[in-house]
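Thank you all for coming. I would like to walk through one model this morning, beginning with its sheet and ending with a few backbone details.

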Amino acid sequence: MTDAKAISDHWGKGDVYSRILDTMKLAGIDPNSVTVEQLAPVDHFHARGFPATVELADALPIKEGDRLVDIGCGLGGPARYLAKRFKCHVDGIDITAPFVDAANKLSVLVGMESAVECRHGDGQKLPYGDETFDGGYTQHVTMNVPDRNVFFGEAFRVLKPGAFFALTEHGLGEVGEPHHPVPWSEDGSGAYLMRPADTVAALEKAGFADIKVADTGEKYLQGYRRAIELAEKGEAPVFGTHILLGKLAPQIVRNAARNIEERRTHPVQIICFKPK
């Protein structure tokens, strides 16, 4: 099995869109009038979810009318949020076909299909022309990227001079390998974590400059602890990302917290720029 297929299979089991739609109805959300905000508990399918997207957006120099690329767009939640908030256009690409299918159908549900366009593809071979985008980002995708040099090189290629590039990820910590399962891998297969310093070096090699790294470990740890607390009290929301993680969700969340506590993972947010 190729890396791409293994990673896609890990994330996209079954009919993702139908699962979201069915759970939406269980939660009392009408698909015919659903809003971007109501979708947020599920369609920001990355660590800390919607709050992490908002925090990243607050730090980015996005302007009205910009064209952005979301590499590893998942279900399209961040792309829809940014497109709505900044009145910009977002092109998304993801290696998991069921996610792309769900992303486009969800965009239609909220009337944003003209502002957000997602397609199936690999971030290591972007189907866009040189210097196309005013900015780009990738949220918790790089843990599953086999070749960071190629991935960052492609991001650099499709960005205009002066454009920003942002990423959030669980970097590799200083104390051993992570406990599994975790959100990006059940047993360690398909996982390619790097220490933050090595990620910065790869970004520099691709040509990026003005690289700023923020440690987000404590914020992620508190988020995981809150999810664990709600689950233990039987108060976990009906409509949440756990519906996509499956039966391993409780163990996955516990390991994600434990890995940060034991310094096996090192979550970071990185923002950099393509020189003008």
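**The sheet and its surroundings**

Let me begin with β6 and β7, which run antiparallel and are joined by 5 bridges. Within that pairing, Asp-215 has Val-268 in β7 as its bridge partner. Before going further, I should say that this is a predicted model, in which local features need pLDDT of at least 70 and side-chain atom pairs count only at pLDDT 80 or more, while totals for chains, interfaces and linings use all residues. Residues are numbered from 1 along each chain as its sequence is written, and side-chain values use heavy atoms, with hydrogens and water left out. The names of the elements come from DSSP runs, numbered from the N terminus, with helices being H or I of at least four residues and strands being E of at least two.

Taking the sheet as a whole, 7 strands form an open arrangement with mixed pairing, in the order β3-β2-β1-β4-β5-β7-β6; two strands are said to pair if DSSP finds at least two bridges between them. The edges are taken by β3 (116–120) and β6 (209–215), each of which has a single partner strand, so one side of each is left without a neighbour in the sheet. On average, and ignoring direction, neighbouring strands of this sheet are turned by 15° against each other.

Now to β4, where 6 of the 7 residues are buried, buried being under 20% relative accessible area, exposed over 50% and partly exposed in between, with a 1.4 Å probe and protein chains only. β4 pairs in the parallel sense with β1 over 3 bridges, and likewise in the parallel sense with β5 over 6 bridges. Gly-135 appears in both pairings: Leu-68 stands opposite Gly-135 in β4, and the bridge partner of Gly-135 in β5 is Phe-164.

Phe-164 also comes up when we ask which residues Cys-272 is in contact with, once neighbours within four places in sequence are left aside. Those residues are Ala-163, Phe-164, Phe-165, Leu-203, Phe-208, Ala-209, Asp-210 and Ile-211, where contact means heavy atoms within 4.5 Å. Cys-272 itself is in strand β7 and, at 1% relative accessibility, counts as buried. Its C-alpha lies 6.3 Å from that of Phe-208, although Cys-272 and Phe-208 are 64 residues apart in sequence.

**Helices**

Turning to the helices, Arg-157 is placed in helix α7 and counts as partly exposed at 23% relative accessibility. If we do not count residues up to four places away in sequence, Arg-157 touches Leu-126, Tyr-128, Gly-129, Asp-130, Glu-131 and Lys-274. For one of these, Asp-130, the C-alpha atom is separated from that of Arg-157 by 5.4 Å, with the two positions 27 residues apart along the chain.

How do α4 and α5 pack, in angle and in distance between their axes? Helix α4 (residues 49–58) and helix α5 (residues 77–86) pack at an angle of about 45°, and their axes are 11 Å apart; axes here are lines fitted to C-alpha atoms, for helices over the stretch in contact, and angles run from 0 to 180 degrees between N-to-C directions. That makes α4 oblique to α5, given that angles under 35 degrees count as roughly parallel, over 145 as roughly antiparallel, 65 to 115 as roughly perpendicular and the rest as oblique. On the α4 side, Phe-50, Thr-53, Val-54, Ala-57 and Asp-58 meet Pro-78, Tyr-81, Leu-82, Arg-85 and Phe-86 in α5.

In helix α3 (residues 36–43), the buried residues are Val-36, Leu-39, Ala-40, Val-42 and Asp-43, and the buried residues of α3 pack against α2 (16–26), α4, α5, α6 (97–109) and α10 (242–245).

**Backbone details**

Finally, a general reminder: most residues other than glycine have a negative phi, and most peptide bonds are trans. Against that background, His-140 has a positive phi of about 50° although it is not a glycine; His-140 lies in the loop between β4 (133–139) and α7 (148–158) and, at 10% relative accessibility, counts as buried. Arg-263, in the loop between α11 (249–261) and β7 (265–273), likewise has a positive phi, near 60°. A cis peptide bond, with omega about 5°, joins His-180 and Pro-181, and Pro-181 lies in the loop between β5 (159–172) and α8 (196–206).
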